[in-house]
Amino acid sequence: MRPLYWAVARVVIHRPLWLGSTRRGDSELERDYYTNHGRRRYWWSAQSTSNVELEATRSRANDSDPPEASPLAQYRLAQRWTLKAPRRIYILGPGSIGGFVAHSLASLPDPPPITLLLYSQKQLSDWYDRGHSIKLTTHGLVDTKLGFGVESVRRPAATTEHSSTDDLPPLPSDPSEEPMILNLIVSVKAYNTVDALNRVAHRLRPESSILFIQNGMGIIEEVNQRVFPDPARRPQYLLGVISHGVYSVKPFEFVHAGAGTVAMAIIPRNIEEIKPTFVPSALYLLRTLTRSPVLSAVGFSPTDLLQLQLEKLAVNAIINPLTALYDCRNGGLLHQSSISRVIRLLLAEISLVIKSLPELQGVANVNIRFDIRRLEGEAIGIATKTAANRSSTLQDIRRGKPTEIEYITGYIVRRGEEVGIQCVMNYMIKHMVLAKQRMREESRNLLPVETNDID
């Protein structure tokens, strides 16, 4: 009785009976999976496909276009492809959001290799000065993660004697020798996106995927125009909307002030396709981020994510410019009757523009979701929840840096012009912020001069 028990237990533990008779080694993909990943994952998780699907996978292993199959078969085939695809994830823009995402991915049980793409000498110096690590503080508990790769996306200048970047690996003299990037997360400031992507565009292919996690809207249109004008050579895009509260204390040291979520969606290359197909790297990025319990990432359809983006944009178009102009924290906008009137005037234009967008025509409950009163409640609720915080626009102006106002309020104004709506109030607010930004930049360039005050 005992030998029979152990024989049955061994069969159940090593392979469920309902998965058929395929043994380890019968599949080339399975052998590659064991070679690359060992036995840390259950090897049968990607082996529940039929022999027909297996042959289709083998015949299309080197093909960049997904097969025309049912969504379930396509998903299973993509699972197999990602076993052979590189797992390394590159993060361009290791600021508060990029550092938070990198730390969260490094906390996974079987983390993917992560490489930070740094594009300034100061970032390189800060990285080595901080001990090659990312620190994240949550509820007073500090968690430090190591093991990140680092690359410079431009040849660094000659290092000085006291510089800490002497051990930086040299860049290839020929750009074609640099490794291809399949999985890229972009979290730089919106106005830096084009410049940052131009530095790595030669390493991206149509089978690559780019996840944009940034404030504002209209970034992808600018990237298509200035970085990837040829649709045939354009990577697959993903968009992310993050609601976590994260701020930077020092370079590569962050505080997770408020838990939130990350809403994600894969953007089809052709919006007219009834059954759009996605490259395997896009599915890999989506599955990897949704594995993280800290990120709390959730996948949405492109239309649902667009509505989430517009909701966040409407709130940011109120809080960011007004806190910058009044030079106050988010809570300073509350309980002020005059400010409440300004908020309603701005939201009247924002609500009308959003409800008039052609991409939302025919979508259910758009008029209710983007009603003025509901948007005002959302803005007041966020301002109350983050009353002690300073908006990113206010922080940028105080530091004398450019703001993202062109991608927040400026986006509302541009889309309003496209649908025949003149957003006079938002146009005025945008230029008031731009004027204050330029005034602060000019004041930082002025030298202090002593004057003799005469009473």
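# Notebook: cavities, a pocket and helix α10

I began with the second largest cavity, which holds about 40 Å³ of space. I wrote down at the outset that this is a predicted model, so that I would keep it in mind in every entry below.

**Entry 1, the second largest cavity.** I looked up the lining of this cavity and found I318, I319, L333, L334, I343, A379, I380 and A383. When I sorted the lining residues of the second largest cavity by class, they came out as eight nonpolar, with no polar and no charged residues. I then asked which helices each supply at least two residues of this lining, and the answer was α10 and α13. Helix α13 gives the most to the lining of the second largest cavity, namely three residues.

**Entry 2, how α10 and α13 meet.** Since both helices had come up in the cavity lining, I turned to their packing. Two packed helices are described by the angle between their axes and by the distance between those axes. Helix α10 covers residues 302-326 and helix α13 covers residues 372-385, and I noted that they pack at an angle of about 65 degrees, their axes lying 9 Å apart. I also recorded the handedness of the crossing of α10 and α13, which is right-handed.

Which residues make the contact between these two helices? On the α10 side I listed E311, A314, V315, I318 and I319, and on the α13 side R374, L375, E378, A379, I382 and A383. By class, this contact of α10 with α13 has eight nonpolar residues, no polar ones and three charged ones. Going back to the second largest cavity, I found I318, I319, A379 and A383 in its lining as well as in the helix contact.

**Entry 3, the largest cavity.** I next asked how many cavities of 30 Å³ or more there are, and the count comes to two. The largest cavity contains about 90 Å³ of space. Its lining is made up of Q214, N215, G216, M217, G240, V241, Q309, K312, L313 and N316. The elements giving two or more residues to the lining of the largest cavity are β8 and α10, and α10 gives the most, with four residues. By class, I noted three nonpolar, six polar and one charged residues in the lining of the largest cavity.

**Entry 4, the second largest pocket.** Leaving the cavities, I looked up the second largest pocket, whose volume is about 1100 Å³. This pocket is lined by 39 residues, and those lying nearest its centre are L239, I267, P268, I271 and P302. At least two lining residues of the second largest pocket come from each of α8 (219-226), β8 (236-242), β11 (262-267), α9 (280-290), α10 and α15 (409-418). Helix α10 again had my attention, for it gives the most to the lining of the second largest pocket, with five residues. The lining of the second largest pocket divides into 24 nonpolar, nine polar and six charged residues.

**Entry 5, helix α8.** As α8 is one of the elements lining the second largest pocket, I checked which of its residues are buried, and found I219, I220, E222, V223 and N224. The cover over these buried residues of α8 includes α7 (193-198), β7 (204-213) and β8.

**Entry 6, T290 in helix α9.** I picked out T290, which has its place in helix α9, and asked whether it is buried, exposed or partly exposed. T290 counts as partly exposed because its relative accessible area is 36%, which falls between the cut-offs of 20% and 50%. Leaving aside neighbours within four places in sequence, I found T290 in contact with A297 and V298. I also noted that T290 and A263 are 27 residues apart in sequence, while their C-alpha atoms are 9.6 Å apart in space.

**Entry 7, helix α6.** In helix α6 (residues 121-129) I listed Q123, L124, S125, D126, W127 and Y128 as buried. These buried residues of α6 pack against β2 (114-118), β3 (134-138) and β5 (149-152). Just after α6, I saw that G131 takes a positive phi of about 80 degrees.

**Entry 8, the whole chain.** Finally I looked up the totals for the protein chain, whose secondary structure comes to 16 helices and twelve strands. Of its 455 residues, 45% count as buried. Among the contacts in the protein chain with a separation of 6 or more, 74% are accounted for by residues 24 or more positions apart.

Definitions and conventions
Residues numbered from 1 in each chain as written. Predicted model: local features only at pLDDT ≥ 70, side-chain atom pairs only at ≥ 80, totals over all residues. Heavy atoms only, no water. Axes fitted to C-alpha atoms, helices over the stretch in contact; angles between N-to-C directions. Left-handed = near helix turned anticlockwise from the far one by under 90°. Contact = heavy atoms within 4.5 Å. Nonpolar A, V, L, I, M, F, W, Y, C, P; charged D, E, K, R; others polar. 1 Å grid on protein atoms, 1.4 Å probe; cavity = no way out; pocket = protein on both sides within 12 Å on 5 of 7 lines; lining within 4 Å. Points joined across faces, edges and corners; volume = space filled by probe spheres on them. Buried < 20%, exposed > 50% of the residue type's maximum accessible area, 1.4 Å probe, protein only.
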